[in-house]
Every structure is written in structure tokens, then in C-alpha cells.
Amino acid sequence: MRSENTIRVIALHVGVLAALFLVQFVLPDYHHLALTRVMLLAIYAMGYNMLFGYTGLLSLGHAMFFAAGLYGAGMTAYYTDLGVPLAFVIGIICGAALSLVIGVIALRTTGVAFMIVTMMFGQVAYLTITYFTDYTRGEEGLTMPTSARSFDLLGLHVDLTNAVQRYNLALGLLALTLLVIFVVVRGPIGRVLIAIRENETRTLMLGFDTFRMKLGALVLSGTISAMAGAAYGLMFAYVGATFATIQYSIEALLFTLLGGAGTILGPLLGSILMFYIIDITSEYTQAYLLVTGVALVVLVLFFPKGILGTIRERWLSWLP
Amino acid sequence: MAFGPFLLLATLEGLLQAAVLTLTALGLSLVFGVMRVVNVAHGEFYMLGAVVAWWVASMFSLHPAVGFFAALVISPLIVGAIAFASERLILKRLNYDPESTIVATIGMLYIIQQTVLLTYGPDARPVSAPFYYRIQLPWFGYSGYNLFVIAAAIVLLLAVWFVLSRTRLGLIMRATQFDREMAQAFGIPIERVYAFVFAAGAMLAAIAAVLIVPIRQAHYLMGLDPLLLSFIVVILGGLGSLRGTVIAALLIGLSDGIISVFFSPTLAKIISTLLVTLVLVFKPEGLFGAKAR
Amino acid sequence: MASVSLLSTKGLSRHFGGLKAVDNVDFTMREGEIRALIGPNGAGKTTFVSLLAGRIAPSAGSIEFLGKDITNLPAHKRVRDGIAYTFQITSIYPTLTVFDNVALSAQSALRRHPRSNQSDIAEKVHEALGRVGLEDRKGEKAGTMAYGHQRLLEVAMGLALEPKLLILDEPTQGLSDSEIESFCRLVKEIATSATVLLIEHNMPVVMQLADTITVLNHGQILAEGSPSDIRANAAVQAAYLGTG
């Protein structure tokens with residue numbers, strides 16, 4: 001019975017990735033570009049979900065990890081000639097280091113205090129970016145130079161101005177993230193993280209060092225979010241302080257809540273839906289954030305488990 | 001200007017800031033203390049107070065004082081009613097679960113802010129002060145209205161203190177704060193207390209905003225800074241401790257005015273936010289609050 | 001018999017403000033015994049075992065386990081050293097399956113054996129569930145089971161930790177008479193592989209199971225001895241049994 005489920009689950013994920021691969025041949029330019037962005041945002045949200053959905057820790061400052069990747073990679077590419085691949089790696093390392101430091105401090109708190117502490121740290125990160133505006137250009141941001149728009153890796157020449165290459169690069173990163181999260185969540189570590197979410201004291205009394213497990217989850221979460229940021233900055237040739245605002249932290253929460261916290265594909269579904277909802281609304285009004293507000297209230301009131309969480313509860317109990 | 005008078009001016013500005021901040025933060029602290037709800041939309045009630053004040057004042061085209069004092073009464077009532085309704089419609093249904101209510105109040109923040117953007121628009125608009133009177137000091141002239149704001153805030157604080165410590169209503173609120181189940185067992189209508197407290201918290205923010213709006217204009221994004229500052233004050237003062245809140249608001253209000261004379265405001269914000277975060281992590285009972293029971 | 005000391009405390013105390021919940025307790029357990037800890041409500045029993053398990057820190061005194069000072073060892077490391085604690089209030093993961101509940105324990109225990117894998121976990125889960133008689137419920141959601149079964153699951157989680165010392169905090173509370181009977185058989189069976197420390201209110205259960213009984217009153221040890229000694233002890237009768 002378990003193995004039958006495993007096959008179903010693997011088939012579902014491979015199917016989703018295959019569908020994303022195939023739609024690029026039929027999508028019009030605008031949606032092609034939009035979906036590239038959405039896939040990167042989905043990686044960000046999947047990182048967020050690692051912490052919120054699986055470990056039960058609600059962070060309100062995740063934009064700082066996205067921004068750490070964004071600026072780590074973007075500023076390396078802008079100010080040095082280390083090349084795009086190295087800049088990407090440096091971005092990820094920045095995110096991992098930041099999440100380790102933040103985790104060691106913030107995880108001394110729980111519940112509401114953890115939410116406020118992460119929000120405040122996020123705010124500090126944003127203010128720091130604007131304070132060093134001589135280097136970061138603050139809200140105005142930095143545009144990547146032409147030298148950082150293409151690179152050679154393992155004999156392959158990659159052109160980041162090419163939409164098709166960009167799309168498939170984003171898809172590749174999404175597939176990688178999906179694989180990592182899949183392995184972690186469905187293995188022994190995932191079982192312990194979920195146990196911490198359900199009852200931390202009990203998990204401690206089963207002999208698990210819950211602090212270290214939570215720290216590990218936060219670092220993994222922050223690193224994945226930073227990878228999304230690094231890729232976003234390099235692919236779209238722009239880094240700016242808006243990506244570090246609290247609004248970006250809340251978007252990760254919203255995408256995850258909408259799709260279903262604690263489901264592997266939830267953040268992806270939530271990102272796609274919310275992106276298009278906001279995209280369509282902003283054609284009609286500048287107050288498109290109204291949708292964000294209404295969505296948050298409606299979700300938390302009526303669908304706290306999100307779309308996939310509700311589907312799992314009612315119909316498909318095997319959904320991971 | 002010589003240093004002495006300069007410091008005096010900074011202190012006066014700091015007192016003004018502290019007066020408004022104390023009222024706003026008190027509202028946040030009250031809601032957290034009694035209901036254990038972190039109201040992220042608190043700053044928007046402040047903003048709403050200012051916008052409604054502009055709207056009321058612009059309807060009375062008589063003497064500015066008439067419009068202002070009408071706003072001082074009407075605006076908190078409207079904001080209180082909106083807060084009351086959102087408490088009934090949203091927070092109550094979430095059973096005051098701490099995490100869900102934070103998410104919900106974030107949603108409320110956007111809903112209020114964006115609705116104001118849609119109706120009131122993106123412009124900043126002034127409200128006339130009820131009177132203009134310049135107090136001529138030897139070194140500079142100072143607005144009498146600013147002093148009025150400080151005095152009004154002190155009167156309001158005393159009133160809040162009186163209600164909390166000397167009336168039956170205050171007793172009920174303190175009992176609810178101390179032990180919800182026990183209060184319920186003694187027949188205190190918890191739900192009504194919560195709705196009342198949430199509305200009262202929002203009204204305090206709205207009053208603060210009406211007082212300040214003749215000095216700073218009404219704008220749909222004006223709620224964000226007071227929210228952050230109120231958080232800082234409430235954390236420093238000890239979550240839910242009213243006495244601590246007042247001391248911390250005075251300290252932050254005064255130092256904010258004085259520090260920003262010497263440092264870049266962004267750096268001051270970075271340092272203060274960081275320090276406060278560390279206080280919350282390492283000394284969650286706050287610097288001035290009583291130790292948690 | 002050559003008594004090997006498994007666990008001992010010296011001058012162990014825990015004060016809450018002015019209240020001495022546990023006061024200067026010297027306590028020793030032999031390996032392999034079933035020890036019952038009894039005493040009136042508020043005698044400090046749960047505080048005492050919480051100190052042993054590391055859930056709270058002592059105000060004074062020391063704890064030694066297998067010849068090693070564990071006074072300052074965090075709770076999760078004590079579990080790894082072999083002290084398992086089952087909660088007084090049923091503390092399972094209601095939303096997880098019975099299998100996953102026990103798998104968490106098995107996983108924790110198997111970290112002592114490197115190179116263990118998923119099938120080792122499954123095997124251990126199977127074994128622990130078999131011992132408590134829940135093997136055919138492993139796919140159920142733990143929270144949907146009857147209360148008696150949840151208590152058994154709690155014990156299975158303790159067993160799968162492969163403890164040297166299993167602390168059972170009021171395990172028969174809320175069980176029916178027939179459930180209590182089979183529970184006693186289970187505890188005797190457990191005692192063949194682990195030392196058991198039992199906090200219990202139900203005196204027939206205590207008299208039937210315990211090799212030695214320790215009576216706690218006002219945070220101090222009032223008496224200690226075999227069931228018949230305790231039954232005959234006047235001080236115990238006055239403090240405790242006399243009331244019943």
C-alpha cells in the first residue's frame with residue numbers, strides 16, 4: 001500500500017514538471033516570461049513552506065533570505081568579474097549564513113514572539129540595504145551589466161537574455177528544489193520536523209534535539225529562499241530593495257497558505273494563482289494589494305489548510 | 001542657534017512625539033495584554049483616524065476649531081465601530097488563536113490601507129489646527145498647538161489609568177487579562193470585553209492621529225511608522241504592561257527626537273530595531289515591565 | 001543479590017518560590033526492578049520524575065545514571081542514554097498515524113546503531129506495536145483511537161526507545177478494569193527488558209507489580225520498602241493509606 005502511494009506521488013510530481021516543460025511551447029511571450037518569474041517565486045515559497053508548513057514556524061521576515069541571495073549574487077555580478085555561476089553560489093552562501101545567524105537568535109523564541117522577531121529582523125535587513133544606498137542604490141536598485149548576462153559552464157554557453165534558456169533554467173531549479181524537499185520531507189528528518197510542528201515537548205522527550213532540528217529546517221528554508229533570490233536577480237538582471245520589504249515576506253506566507261501549507265506542491269500552485277490574480281487586478285486598480293488583504297483574511301477564516309491541504313483532507317489522503 | 005535652546009527644541013519635539021506614541025502604543029498594549037492578540041493592523045486604525053478627521057473637518061466649513069473638535073469626537077467613534085465590527089467578524093471566529101490572528105490582522109492592514117487608497121487617494125491632505133498661537137521664547141517661537149497636544153495626551157492617559165485602576169470596567173479587564181478561564185467562570189462576558197477592548201485600542205490610536213493630523217498631514221501610508229514604533233515601545237515596556245508602555249514611549253519619543261539630530265534616521269532605526277529585537281529574544285518581559293507571573 | 005545501581009539521586013531538590021516540591025531526596029534504583037512511586041496528591045511525584053527525565057532543572061542536588069552524572073544533561077540526551085518518560089496526560093501525535101508515532105521513537109533509538117535504514121525502523125515499530133497489541137492498527141490516525149488504545153500507544157512509543165529505565169506516569173488512569181489487568185501483564189513483560197519506575201494511584205496495581213515502593217510526602221521520602229513493609233508502615237498509613 002505504501003509503495004503504491006509512492007508511485008502515485010512520484011508520478012504526480014514528474015507529471016507537474018513535465019506539464020511545466022511542455023507548456024513553454026504553447027505559451028505566448030507574456031505568459032512565458034510570467035511563468036519564469038512565477039517558478040522562481042514558487043521556489044522562494046517552497047523554501048518558506050519548509051519552515052512554516054512542515055516545522056510549524058511562522059516567519060514574517062523571509063524576504064531577508066530572498067534578498068540575501070538577490071544581493072549576494074547581484075552585487076557580486078555587478079562589482080566583480082567572478083562570473084555568473086560563482087555569483088549564484090555566493091548568493092546562496094549569503095542566504096545560508098544569514099539564516100544560520102538569524103536562526104540561532106530567533107529560535108530562542110516561539111510562537112508570536114518568533115513571528116515578531118523575524119519581522120523585525122526582516123525590517124533591519126531592509127533598512128540596512130537602504131542605508132548602504134551608495135552600494136546598493138536602494139529602491140532604485142542595480143541593473144546587471146552585459147558581462148553578467150551570459151556565462152559558460154561545463155562547455156555550455158548560457159545566454160540569460162534568451163527567454164527559452166531562462167525558462168528552462170528556472171524549471172531546472174524548480175525541479176531540483178522539488179527533489180530536495182521531497183527527499184527531506186518524506187524521510188526520517190521530515191517525520192521529526194512534522195512531529196515538532198505537532199508537539200515540540202513530546203518530540204524533545206523522544207530524544208530529539210528539537211532546537212537543532214528547527215535550526216536545520218530554518219537554514220534549509222533560508223537557503224532555498226536565497227537560491228530563488230539569487231536566480232531572480234541574475235536572470236532578470238535587477239536587484240532592488242523592494243524585494244526585501246515586509247510585503248515580500250508576506251507574499252511567501254500568502255502563496256503557501258493559498259496552495260496549502262505542509263503540502264509539497266502547495267506553494268507552487270499558490271504562487272501561480274496569486275501571481276495571476278494580482279496581475280489581473282493591477283490592470284484595473286493601483287490598490288491591487290487589497291486582493292492580498294482579502295485573500296489572507298478569507299484563507300485564515302475559511303480555508304486555513306489551503307487548496308491542496310483541503311483536497312488532501314477531503315479526497316486524496318496520499319497527497320504529500 | 002546655541003546648543004541649549006537647540007536641545008530644548010529637540011526635547012519639545014520629542015515630547016510631542018512621545019505624547020502621540022504613548023497613546024498609540026497604549027492601544028496596542030491594551031489589546032495584547034487583555035486579548036493576547038498582536039494587532040498588526042493597529043497602525044491602520046491610526047491612519048484611518050487621521051483620514052476620517054480630514055473628511056469630517058472638510059465637511060465643517062465654519063471655524064477650523066469646529067471641524068477639529070467634531071473630528072476629535074466623530075473619528076474615534078467611527079474607527080472604534082470599524083474595529084468592533086472586524087473583531088466580531090474576524091478575530092472572534094478565529095477563537096483568538098495567536099498565529100491566525102496575526103495573519104488575519106496583516107490582511108486587515110492591507111484591506112484598510114488599500115480601501116483608503118481607493119477612496120481617499122494617494123495624496124497627503126492637511127487638517128487645520130483649531131487655533132494658531134505662537135509662544136515666543138527668547139530663542140525661537142513654538143506652536144501653542146503642539147503644547148495642547150502634549151497636554152491632551154496627558155489628560156487622556158490619566159483617564160485611561162483611572163478607568164483601568166479605579167472602575168469596575170477596569171477591574172473586569174484586568175481580571176480577563178489575568179486569567180481568562182477564571183474570569184469566565186465568574187460570569188464576566190469575555191466576548192463583550194474583548195470586542196470592547198479591541199475597539200478601545202483602535203480608538204486610542206485614532207485619537208492620537210486626530211491630535212497629530214494638524215501637524216502632519218493625513219496620508220494612506222502614514223500608519224506604518226507608528227505601527228513599528230508602537231511595537232518597539234510595547235516590547236521594551238514589556239508585553240501587556242501599561243506602566244512599562246508609558247515609560248518606554250516617553251523614552252523612545254524623546255530619544256527619537258534627540259537621536260535623529262545626531263545620527264542618520266535610517267541608522268537610528270536600524271540600531272533601535274535591532275536592540276529591541278534582542279530585548280524580545282533575551283529579556284521577553286521587557287525592560288520596564290513587571291516580570292511575567 | 002548483587003544490586004547494580006541504575007539510577008541514584010543525592011540531595012535532589014526543586015523549589016518553586018517558597019514551595020519545596022522536591023526536598024533533599026536521596027533515591028536509588030536497582031537495575032531490573034519495578035519500582036512504584038506513591039504519595040498523596042501534591043507530594044511531588046511528577047516533579048521528581050520530571051527532574052529525572054530532565055524536563056525541569058533541579059534547584060540543588062545531583063542525579064547519576066549508569067555511573068555517569070547527568071544532572072546537567074538536557075532532556076533529549078537523557079533519552080538517548082536510556083531514560084524514557086511517558087506522559088501523565090496522553091501525549092501522542094493525534095494527527096499522525098500509529099505507525100509514524102512509534103516510528104519517531106524507533107528512529108530516535110536507532111541513531112545508536114549507525115547504518116540503520118527505513119526497514120529497520122519498520123521492524124522496530126512492528127515489534128513495539130506487537131508487544132502492546134496494537135499491530136493491526138498501525139495505519140490508523142492516532143487521535144481517532146479509543147483512549148485505552150492511546151495509552152497503549154504511549155507505552156509503545158516508550159518501548160521503541162529501547163529504554164534502560166522506563167518512567168510511567170500514572171499509566172492506568174482512565175482505563176477500565178479489564179484494561180488495567182492486561183496493562184499489568186504488559187508492565188511485567190516490559191520489566192524483563194527494562195527497569196520500570198511507576199507513578200501510580202491505584203493501590204492494587206502498585207501492590208501487584210512493585211518490587212519496592214517509595215512513598216513521597218511533602219517532597220521528601222517518607223518510607224521505602226517491599227509492598228508488605230509499606231502496607232504495615234504506620235507513618236505511611238497516617239499520611240496516605242489511612243485516608244483511603
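In this predicted model, A:K214 is buried, its relative accessible area being 3%. The side chain of A:K214 nevertheless has a charged partner: a salt bridge connects A:K214 with A:E200, and 3.1 Å separates the closest N and O atoms. A:E200 is partly exposed, with a relative accessible area of 27%. The pair brings together distant parts of the chain, with A:K214 in helix 10 (residues 210-235) of chain A and A:E200 in helix 9 (residues 200-204) of chain A, 14 residues apart.

Chain B offers another pairing of a buried with a partly exposed residue. Here B:E87 and B:R88 meet through their side chains in a salt bridge, at 2.9 Å from N to O. B:E87 is buried, at a relative accessible area of 0%, whereas B:R88 is partly exposed, at 24%.

Turning to chain C, a salt bridge forms between C:E33 and C:R35, where the closest N and O atoms are 3.1 Å apart. C:E33 is buried, with a relative accessible area of 1%. C:R35 likewise counts as buried because its relative accessibility of 3% lies under the 20% cut-off. Back in chain B, the contacts extend beyond a single pair: salt bridges with shared partners join B:E87, B:R88, B:K92 and B:E191 into one network.

These examples belong to a wider set, as the count over all chains comes to 18 salt bridges. In general, side chains carrying opposite charge can pair when their charged atoms come close.

Conventions: Residues are numbered from 1 along each chain as its sequence is written. Chains are lettered from A and ligands numbered from 1 in the order in which they are written. This is a predicted model: local features need pLDDT of at least 70, side-chain atom pairs count only at pLDDT 80 or more; totals for chains, interfaces and linings use all residues. Side-chain values use heavy atoms; hydrogens and water are left out. A salt bridge is a side-chain nitrogen of Lys or Arg within 4 Å of a carboxyl oxygen of Asp or Glu. Helices (H or I, at least four residues) and strands (E, at least two) are DSSP runs, numbered from the N terminus. Buried means under 20% relative accessible area, exposed over 50%, partly exposed in between (1.4 Å probe, protein chains only).
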